[in-house]
Structures are given as structure tokens and as C-alpha cells.
Amino acid sequence: MPVRVLLVDDEPLVRAGLRAVLEAQPDIEVAGEAADGAAVIPLVRRLRPDVVAMDVRMPLLDGIEATRALLRTVAEPPKILVVTTFENDEYVYEALRAGADGFLLKRARPAEIVHAVRLIAEGESLLFPASVRRLAAEYGESGGNRAARAALERARLTEREGEVLRLMARGLSNAEIAARLVVGTETVKSHVSAVLAKLGARDRTQAVITAYESGFVAPG
């Protein structure tokens, strides 16, 4: 089954460019388009996309609030890929904190756009881990976020789970973590699932944000 993508951006040229790039791939299908975050929830319910590629800044409802509303309202929400002009932007970090799974620059090359959509859909690796680390260092509350610290304390991660979380924060995929720890990929998947469940995280990105903001992993 192809990865179904909903494009959400107030610039028609951006949507047209993304559509052209994505529809050139045999395993990706553009399910629909929207010009503002306010249209996301009804379209997601009707089209059931796997990934929403969403502009972070829009006039009526921006990508941050649209992400919060989508995750709060839809029972089984799609992955959310924030599309932005500027990489080092507090809006991007706030979107990740709100629940977005990753971000993509509008100036990205076609191959990078396709890779980002596939990676987000698979959910087995962190997209642009170095950039997420820089954003956390600049805009996060390293060690100072009470909610993140409380979530980590409640999680009571085992030593191996903590090791897996640190490797997740470095951007390693399940296969790479398995090779590093000399265990099977299925074992790593089980550890990752346990980490997400214990932290109450929706995905790897949210788990890594919690790791940074609790001080468990230093973002620098």
C-alpha cells in the first residue's frame, strides 16, 4: 500500500511542488490538499492519510495548533511532518513539542523530501537528529521541564531501556541500535515500544524531546 500524504500549506506553489515530487514515487500518493490548518481535522477524517505534511505558519490556524487539535481530536492520528522555511526556528521546536513527528525544510531537495516522508511513515528512526538536538539546546528546557522530569521518573526505565533511549536520541534506527548493542532487531523494537509506553510518548520524537527536557540526555 502506498504512503498517503495530505499537504497543508497556504502557498499553492509549495503544495504543487510537494505534490510533483511525491507523486513521482510509486510508493507515495498525495491524498489531498488544504490551504490552512483549520481544514486538517475534517480532511484527515475523510481521507485517512498516513502522513500530514503541514506548514508551521499559516494565517488562520498554524501548524502548532493544528497539530495539537489533530492529536487531541482524532483517535488514530496520522504522522505529522512539519514543513518550514527556517530550520532554527522556535515554531518548529514548539510543533515537535506539540506532537509533530519531524520537520522538513521547504528548500529541501526532492530526494530529501521523499526520504523524510518515508522515514516519518515508518517511524523507526529520528528525522534530522542533529537538528532536533540543536533546537532542544536553544529552545528546550534541558533538565528544567517538570513534566518531562516527572514522566522520566514515573517511567523507571531499565538500564537497557535507558541505553536504547540515548541511542534513539542520537538518531540511530532500530537496525543500527541492534548492531550497536549486539542484539536482534525484534529485541530492539520491544525495548523501543517499552520506552514509548513508559514515557507516555506517541513516537520516537516525543520520547527524545522528553529525554532532552528532563535532562536525561544532554542536547548539546
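**Exercise 1. Find how far apart the mean positions of the positive and negative charges of the chain are.**

Solution. The chain carries 29 positive and 31 negative charges. Taking the mean position of each set gives two points, and these are 4 Å apart. The model is a predicted one.

**Exercise 2. Decide how compact the chain is, given its radius of gyration.**

Solution. Begin with the elements: eleven helices and five strands make up the list for this chain. The radius of gyration is 17 Å, close to the 17 Å from the globule rule for 220 residues, so the chain is as compact as a globular protein of that length. Next take the extent of the C-alpha trace, which spans about 50 × 35 × 30 Å along its principal axes. Then turn to contacts with a separation of 6 or more: 70% of them join residues 24 or more positions apart.

**Exercise 3. State what share of the residues is buried and what supplies the exposed area.**

Solution. Of the 220 residues, 51% are buried. The chain exposes about 10,200 Å², and carbon and sulfur atoms supply 51% of that area.

**Exercise 4. Name the residues with the most contacts inside the largest nonpolar core, and list the contacts of Val 8.**

Solution. The largest nonpolar core has 55 residues. Inside this core the most contacts belong to Val 8, Met 54, Leu 70, Leu 165, Met 168, Ile 177 and Leu 199. Another core, of 22 residues, lies apart from it and includes Val 3, Val 83, Ala 108 and Ile 120. For Val 8, set aside the neighbours within four places in sequence; its contacts then include Ala 34, Val 40, Val 52, Met 54 and Met 58.

**Exercise 5. Is Ala 34 buried or exposed? Describe its surroundings.**

Solution. Ala 34 is in strand S2, residues 28-34. Its relative accessibility is 5%, and the cut-off for buried is under 20%, so Ala 34 counts as buried. Beyond four places in sequence, Ala 34 is in contact with Leu 7, Val 8, Asp 9, Arg 15, Ala 39 and Leu 43. Phe 128 is 94 residues from Ala 34 in sequence, and their C-alpha atoms are 26 Å apart.

**Exercise 6. Which residues of helix H8 are buried, and what covers them?**

Solution. Helix H8 covers residues 159-169, and its buried residues are Glu 161, Gly 162, Val 164, Leu 165, Leu 167, Met 168 and Ala 169. Their cover includes helices H6 (129-139), H9 (174-181), H10 (185-199) and H11 (204-213). After H8 comes Gly 171, with a positive phi near 95°.

Technical notes. Residues are numbered from 1 along each chain as its sequence is written. This is a predicted model: local features need pLDDT of at least 70, side-chain atom pairs count only at pLDDT 80 or more; totals for chains, interfaces and linings use all residues. Side-chain values use heavy atoms; hydrogens and water are left out. Helices (H or I, at least four residues) and strands (E, at least two) are DSSP runs, numbered from the N terminus. The radius of gyration is taken over C-alpha atoms; the globule rule is 2.2 Å times the number of residues to the power 0.38. Buried means under 20% relative accessible area, exposed over 50%, partly exposed in between (1.4 Å probe, protein chains only). Contact means heavy atoms within 4.5 Å. Accessible areas come from the Shrake-Rupley method with a 1.4 Å probe; for residues, only the protein chains shown count as cover. Lys and Arg count as positive and Asp and Glu as negative; His and the chain ends are not counted. The place of a charge is taken as NZ of Lys, CZ of Arg, CG of Asp or CD of Glu. A nonpolar core is a set of buried Ala, Val, Leu, Ile, Met, Phe, Trp, Tyr and Cys residues joined through side-chain atoms within 4.5 Å.
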